[in-house]
Amino acid sequence: MSNAVPGVKHLIAVASGKGGVGKSTTTTNLAMALASTGARVGIVDADLYGPSQPRMLNLSGLPDTTGGKILEPMVGHGIQTMSIGFLVDEESPIIWRGPMITQALTRLVYETRWDNLDYLIVDMPPGTGDIHLTMAQKMPVSGAVIVTTPQDVALLDARKGLKMFVKVNVPVLGIIENMSTHICGKCGNEEHIFGEGGARKMAEEAGTELLGELPLDIRIRTGSDSGQPVLVTDPKGDLAAAYQAIASRIVRELEALETEKVTHGGSQIMPKIVME
């Protein structure tokens, strides 16, 4: 495929439709879960207006360049990473129009020297805007993962995100329900703070997989804020196991898609966006 990303086998988009559902945290921990299997994994922080991956992977400073043009990925906890957050001050707002955002994303993806990655995970911004269309039109996305909470307002936007990928012929690998349940640290009582079963119902309606349900757990939040994800601080714990189970299901779905391609003797057709 002429638009393949050099050094990358699979490009996976992680999207939410709505902000605040833990998409970036999920991206980081999924990347580390995939890496724990021996895979070579990278992250592109495509949320250009609100980059989170530098903090979540405890990375800072300017990336090196080759020939003054090709960016060298920063590496945090074994994950090759590129983010606009490395190129601008952490507290400086990005005030760019669509064409500039598209150009920046294209450079982050294609002008970074990815080193033999099995999976490059794209941490998408909320919504269904310029970045999503650029990904769908110009990049060989192997599949998309939708992150939501059980709350109705989050599910509403998640459905829009899922339908956007379907409309532009990007396979949806499945749905992750984040903040699915909360267990009180003092009494052990389990509460479905944001509702119950929303992502499962959404997956059934869309004919896709429920990849897993993740708890609302303070260890996930503190790990993200400190740049020490739970797969680093407690790689054998229950939370790590939950992310690893989801990562295994994602790999299974990708393998099924690859088998289908071989069976039908074709490759992914890049979609054309038609305004009606």
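Exposed means over 50% relative accessible area, buried means under 20%, and partly exposed lies in between. Keep these cut-offs at hand. The model is predicted.

**Exercise 1. Which residues form a salt bridge between helix H5 and helix H6, and are they buried or exposed?**

Step 1. Find the pair. Arginine 159 forms a salt bridge with glutamate 205. Their closest N and O atoms are 3.7 Å apart.

Step 2. Place the partners. Arginine 159 sits in helix H5 (residues 152-167), and glutamate 205 sits in helix H6 (residues 198-206). They are 46 residues apart, so the pair links distant parts of the chain.

Step 3. Apply the cut-offs. Glutamate 205 has 52% relative accessibility, so this residue counts as exposed. Arginine 159 has a relative accessible area of 26%, so this residue is partly exposed.

Step 4. Look for a network. Salt bridges that share partners join Lys18, Asp157 and Lys160.

**Exercise 2. Which residues in the loop between H3 and E7 form salt bridges with distant parts of the chain?**

Step 1. Take aspartate 115. Its side chain meets that of arginine 40 in a salt bridge of 3.1 Å, N to O. Arginine 40 lies in the loop between H1 and strand E2 (41-45), and aspartate 115 in the loop between H3 and E7. The two are 75 residues apart.

Step 2. Check their exposure. Arginine 40 is at 34% relative accessibility, so this residue is partly exposed. Aspartate 115 is partly exposed too, at 37%.

Step 3. Take arginine 113. Glutamate 72 forms a salt bridge with this arginine, with the closest N and O atoms 2.9 Å apart. Glutamate 72 lies in the loop between strand E4 (70-71) and E5, and arginine 113 in the loop between H3 and E7. The separation is 41 residues.

Step 4. Classify this pair. Glutamate 72 is buried because its relative accessible area is 15%. Arginine 113 is partly exposed, with 43%.

Step 5. Put the pairs in context. The structure holds 14 salt bridges.

**Exercise 3. What is the phi of asparagine 116, and where is this residue placed?**

Step 1. Read the angle. Asparagine 116 has a positive phi of about 55°, although it is not a glycine.

Step 2. Find its place. Asparagine 116 lies in the loop between helix H3 (98-110) and strand E7 (117-123).

Step 3. Classify. At 47% relative accessibility, asparagine 116 counts as partly exposed.

**Exercise 4. How many residues line the largest pocket, and which are closest to its centre?**

Step 1. Start with the space. The largest pocket holds about 570 Å³.

Step 2. Count the lining. There are 33 lining residues, and the closest to the centre are Asn178, Met179, Leu216, Ile220 and Arg221.

Step 3. Find the elements. H1 (23-35), E10 (182-183), H7 (218-226) and H9 (238-264) each give two or more residues. H7 gives the most, with six.

Step 4. Sort by class. The lining has 13 nonpolar, eleven polar and nine charged residues.

**Exercise 5. Which residues have the most contacts inside the largest nonpolar core?**

Step 1. Note the total. This core has 78 residues.

Step 2. Name the residues. Leu105, Ile146, Phe165 and Ile250 have the most contacts inside the core.

Step 3. Find the main contributor. H9 supplies the largest share, eight residues.

Step 4. Follow one residue. Leaving out residues up to four places away in sequence, isoleucine 146 touches several others, including Ala15, Leu162, Phe165 and Met202.

Note on methods:
Residues numbered from 1 in each chain as written. Predicted model: local features only at pLDDT ≥ 70, side-chain atom pairs only at ≥ 80, totals over all residues. Heavy atoms only, no water. 1 Å grid on protein atoms, 1.4 Å probe; cavity = no way out; pocket = protein on both sides within 12 Å on 5 of 7 lines; lining within 4 Å. Points joined across faces, edges and corners; volume = space filled by probe spheres on them. Helix = DSSP H or I, 4+ residues; strand = E, 2+ residues; numbered from the N terminus. Nonpolar A, V, L, I, M, F, W, Y, C, P; charged D, E, K, R; others polar. Core = buried A, V, L, I, M, F, W, Y, C linked by side-chain atoms within 4.5 Å. Buried < 20%, exposed > 50% of the residue type's maximum accessible area, 1.4 Å probe, protein only. Contact = heavy atoms within 4.5 Å. Salt bridge = Lys/Arg side-chain N within 4 Å of Asp/Glu carboxyl O.
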